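Here are some friendly notes to read beside the model. Please keep the viewer open as you go through the points.

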Amino acid sequence: MKLDSKIPEGHISQKWTDYKDHLKLVAPNNRPKIDIIVVGTGLAGASAAASFAEMGYNVKAFCYQDSPRRAHSIAAQGGINAAKNYQNDGDSTFRLFYDTIKGGDYRAREANVHRLAEVSGNIIDQCVAQGVPFARDYGGLLDNRSFGGTQVQRTFYAAGQTGQQLLLGAYSSLSRQIGLGRVDMYNRHEMLELVKVDGKARGIIARNLITGEIERHSAHAVIIASGGYGNVYFLSTNAMGSNVTAGWKIHKQGALFANPCYVQIHPTCIPVHGTNQSKLTLMSESLRNSGRIWVPKKKEDAEAIRAGKLKPTQIAEEDRDYYLERRYPAFGNLVPRDVASRAAKERCDAGFGIEANDTNEGVYLDFSTEIQNKGKQTAYAKGNHNPSQEEITTLGKAWLEEKYGNLFTMYQKITDENPYETPMKIYPAVHYTMGGVWVDYNLQSTIPGCFVAGEANFSDHGANRLGASALMQGLADGYFVLPYTVSNYLADDIRTGKISTDLPEFVEAEKSVKDSINKFLSNNGTKSVDHFHKRLGNIMWNKVGMGRNEQGLKEAIEEIAALKEEFFKDVYVPGNADELNPELEKALRVADFIELGQLMAIDGLQRKESCGGHFREEYQDAEGETLRDDENFKFVGAWEYKGYDIKNEELHKEELKYEFIKIAARNYK
Amino acid sequence: MSAAKNINISLQIWRQKNSKEKGKMETYKLNDVSTASSFLEMLDQLNEQLVNERKEPVAFDHDCREGICGMCSLYINGRAHGPDTGITTCQLHMRMFNDGDTIVIEPWRSAAFPVIKDLIVDRTSFDRIQQAGGFVSVNTSGNTIDANATPIPKEDADKAFEAAACIGCGACVATCKNGSAMLFVGAKVSQYALLPQGRVEATARVLNMVRQMDEEGFGNCTNTGACEIECPKGISLENIARMNREFLSASLK
Ligand SMILES: Cc1cc2nc3c(=O)[nH]c(=O)nc-3n(C[C@H](O)[C@H](O)[C@H](O)COP(=O)(O)OP(=O)(O)OC[C@H]3O[C@@H](n4cnc5c(N)ncnc54)[C@H](O)[C@@H]3O)c2cc1C
Ligand code: SF4
Ligand code: FES
């Protein structure tokens with residue numbers, strides 16, 4: 001198989017414009033003859049479904065929650081980037097493009113990323129027009145803040161609930177189309193198989209999660225916008241239901257899966273509390289604008305803190321190691337996520353972690369300096385030039401509350417500690433997956449007619465995603481890319497007519513889904529689905545986690561292969577097929593996670609370099625920074641499924657060409 | 001911080017096979033629950049125990065477990081989202097309970113939210129209300145004016161945001177003795193009423209949303225204010241007042 005990325009010719013700043021001008025169109029009177037399926041209604045799916053419906057296509061949209069408004073995108077906290085240069089700090093399309101490529105450690109596609117930067121400004125205009133209440137300054141204009149890995153303020157936000165507001169915006173557009181009868185919305189439905197006819201994607205098999213009924217749905221094109229696969233680790237910041245099933249099923253049908261080993265570990269999550277933990281909670285990275293990260297300088301202090309004999313507030317300023325400011329003076333606490341995460345692990349591995357459990361994993365995110373600074377500023381702004389210490393502290397805390405109140409409350413509810421008084425405890429956790437289904441410039445997978453958008457594809461973030469860029473990508477894909485590229489594809493389908501769900505391909509796909517469900521329900525094993533999921537998570541976190549090495553990866557590949565055998569033999573799934581059955585839902589998802597987990601380890605093993613979220617311990621420089629190998633690994637690793645044994649998957653390489661950006665070592669010092 | 005410890009509890013949980021069959025309360029014992037666990041992690045633990053005993057686990061709704069998706073519900077000891085204010089069930093932690101406690105768990109109960117199974121109810125009536133008018137009719141083309149072309153007073157933007165923060169969980173309905181959805185609908189109507197983008201269709205919006213709300217079988221608001229107290233996002237009763245004003249002026253047009 002030869003990978004054709006279909007990147008248009010021409011100068012980077014003109015590629016998308018020229019390309020769009022020459023794409024084929026579907027005339028308005030022909031659009032109602034065409035059906036489109038959208039799997040997933042997060043930012044990517046909801047925006048795509050709303051756009052297609054508005055253009056006049058017949059749209060069927062699917063999500064596993066009870067409402068599209070609950071897609072995982074709702075949880076995004078910090079913000080969304082756009083190159084609007086409202087703050088006059090030198091931002092531009094090129095700079096956003098440059099930061100994203102560099103942030104991704106030169107493992108993303110230039111043309112895709114430039115397109116993303118180009119449409120970013122439009123996204124904000126679109127959302128504001130929909131009534132998304134972004135934060136504003138006193139002049140009534142939009143406010144911005146900065147995020148890790150950049151030196152400009154280009155992030156638009158709505159308190160700590162940006163994803164919620166953006167998703168509700170997309171959901172409202174989608175709701176309008178549902179109300180108008182142009183979208184059939186299938187809530188509580190899970191796509192379990194893709195149906196191909198003559199090699200093209202022509203429909204899906206879905207399970208109605210309430211009745212258990214297996215349904216056939218046909219269409220002229222299928223768009224997968226099913227989100228990321230971070231839950232392969234069991235513990236992650238993803239919603240509990242997030243899964244890889246849609247992406248993995250199309251992979252098994254011929255779509256290549258790219259860069260599966262690129263997983264983003266987010267530096268600011270609440271540390272694990274104990275063995276019953278079900279998921280991890282993120283504290284928005286925007287907190288790094290105001291918080292300073294440190295651990296004790298002396299090991300004895302760290303030990304005393306863990307033993308509960310010392311409080312962080314009792315550690316003198318000179319005994320604190322602000323290790324990010326020390327190591328990376330130019331970016332300080334705002335280094336990119338992969339850098340910040342590894343630096344925390346390095347300190348904890350060296351014995352300076354502060355969490356009082358058997359992991360000892362945790363560092364401090366301290367707001368006391370900010371409270372003083374902002375308190376003073378506010379007092380001065382109010383004309384009080386001689387504020388007392390108490391006044392300063394009160395004003396400083398009020399400033400923090402206005403900016404991050406909901407996050408502080410969330411932290412307090414979970415940990416029972418007051419972050420206004422004592423530093424937050426944070427530790428890195430699995431957060432976002434840069435890998436995903438391989439797509440070309442049109443966002444089409446290697447299966448004709450099957451497009452993939454948002455976190456489910458691999459295309460824009462390289463080996464590491466900068467903060468506030470996933471929301472941007474999801475909406476860019478759905479509002480501004482797919483409407484053009486999918487129409488181009490569909491232009492050849494205006495005479496095809498309705499696709500019958502009685503075709504043998506549908507019958508067969510339905511049977512295979514039913515067979516796998518029945519197999520689980522009649523398995524008579526002894527262990528719960530979660531038991532296996534947790535074991536998979538353990539292997540993944542320890543051997544395919546923040547740092548990986550050859551030996552660990554090799555072990556992981558074997559251990560997961562064995563786990564897979566055991567899972568299919570010994571899993572116990574209660575209940576029936578024809579009812580709401582959450583254990584069955586989980587079993588079907590975990591089966592796919594196990595196979596993907598193995599592929600992640602295989603992909604990590606072949607990539608003999610360190611870059612972004614993929615840190616191979618053998619490849620680091622004297623200061624512990626990533627050592628990329630551009631000579632040999634400047635490619636996208638795209639895997640082709642070759643049957644039951646994942647070890648047989650075949651690697652295809654898409655060379656990455658950097659014509660408009662000069663590759664350099666990634667330096668944040 | 002109070003150090004985490006393990007407690008033993010007893011649970012009374014509503015079990016109902018599906019929307020057609022009758023349900024009943026069942027009692028379960030659960031030991032060694034860490035007080036650092038969330039309420040839903042406690043239910044996970046119960047379900048693990050039930051699966052190991054080859055019994056059917058309890059079905060309950062949840063997804064983000066961060067207090068933002070609005071999927072979790074649960075009526076706990078007679079209160080929507082349990083014994084704490086300003087939170088969802090997924091944010092409720094077991095440190096709120098004592099060793100030996102009996103905890104009663106029921107689904108949301110409202111005519112407009114039929115039970116699907118055990119503790120899971122159908123809240124799609126909220127979606128249908130939104131579909132009736134909870135949007136700005138702008139095309140998704142991106143050919144809109146520059147976002148800063150219409151300055152919006154910070155105060156209005158903040159108020160719109162506060163209304164928009166509703167997560168659609170339905171606690172307001174569940175806790176209201178009339179099963180009224182006015183807080184939810186009021187929040188939506190307010191968000192758009194406060195922003196210039198939403199003004200053009202304000203009349204049609206409020207009329208359509210209120211009509212749909214009535215059709216879905218939600219009760220009337222008698223201003224008891226229980227909804228505001230149990231709302232995890234602090235949505236204020238002001239929004240109901242604003243909706244009423246919007247409705248009145250729309251009806252007079
Ligand atoms: C806690 C948190 C905070 C974040 N903060 C930020 C931030 O500040 N800025 C930023 O840019 N990014 C942030 N991100 C990342 C960003 O939120 C996600 O990458 C993005 O929202 C993904 O959007 P999506 O549309 O691709 O997928 P999702 O929003 O995950 O949507 C997936 C959809 O697919 C559906 N689905 C999945 N599988 C199936 C199936 N088999 N059948 C039917 N439907 C299915 C689901 O129901 C859902 O509707 C954050 C992520 C997390 C976890
Ligand atoms: S108003 Fe409050 S209680 Fe009601 S649905 Fe919204 S968030 Fe939930
Ligand atoms: S599970 Fe999302 S709000 Fe509780």
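Helices (H or I, at least four residues) and strands (E, at least two) are DSSP runs, numbered from the N terminus. This is a predicted model, in which local features need pLDDT of at least 70 and side-chain atom pairs count only at pLDDT 80 or more, while totals for chains, interfaces and linings use all residues. Residues are numbered from 1 along each chain as its sequence is written, chains are lettered from A and ligands numbered from 1 in the order in which they are written, and side-chain values use heavy atoms, with hydrogens and water left out.

1. Start with ligand 1, which lies between chains A and B. Its shell draws at least two residues from each of helix H2 (43-55), strand S6 (189-197), strand S15 (424-433) and helix H12 (470-490) of chain A. S6(A) gives the most, with three residues.

2. Which residues come nearest to ligand 1? They are Gln65(A), Ser73(A), Gly78(A), Met191(A) and Glu455(A), out of 37 around the ligand (a residue counts as near if one of its heavy atoms lies within 4 Å). By class, the shell has 16 nonpolar, 17 polar and four charged residues. Here Ala, Val, Leu, Ile, Met, Phe, Trp, Tyr, Cys and Pro count as nonpolar, Asp, Glu, Lys and Arg as charged, and the others, Gly among them, as polar.

3. Some atom distances are worth checking in your viewer. An oxygen atom of ligand 1 is 2.4 Å from an N or O atom in the side chain of Ser73(A). A nitrogen atom of the ligand is 3.4 Å from an N or O atom in the side chain of Asn243(A). The protein covers 98% of the 1,000 Å² of accessible area that ligand 1 has on its own (Shrake-Rupley method, 1.4 Å probe).

4. Ligand 2 has its surroundings in chain B, including Phe126(B), Cys166(B), Cys169(B), Cys172(B) and Cys231(B). Its shell has ten nonpolar, two polar and no charged residues.

5. Now the chain interface: 72 residues of chain B are in contact with 82 residues of chain A, contact meaning heavy atoms within 4.5 Å. About 6,500 Å² is buried between the two chains, and carbon and sulfur atoms give 50% of this. Buried area is the accessible area (1.4 Å probe) that two parts lose on being put together, summed over both.

6. How many salt bridges does the rule find across the interface of chain B and chain A? There are nine, a salt bridge being a side-chain nitrogen of Lys or Arg within 4 Å of a carboxyl oxygen of Asp or Glu. One of them joins Lys279(A) to Glu66(B), with the closest N and O atoms 2.9 Å apart.

Notes
Polar contact = N/O pair within 3.5 Å; in protein donor to acceptor, adjacent residues only side chain to side chain.
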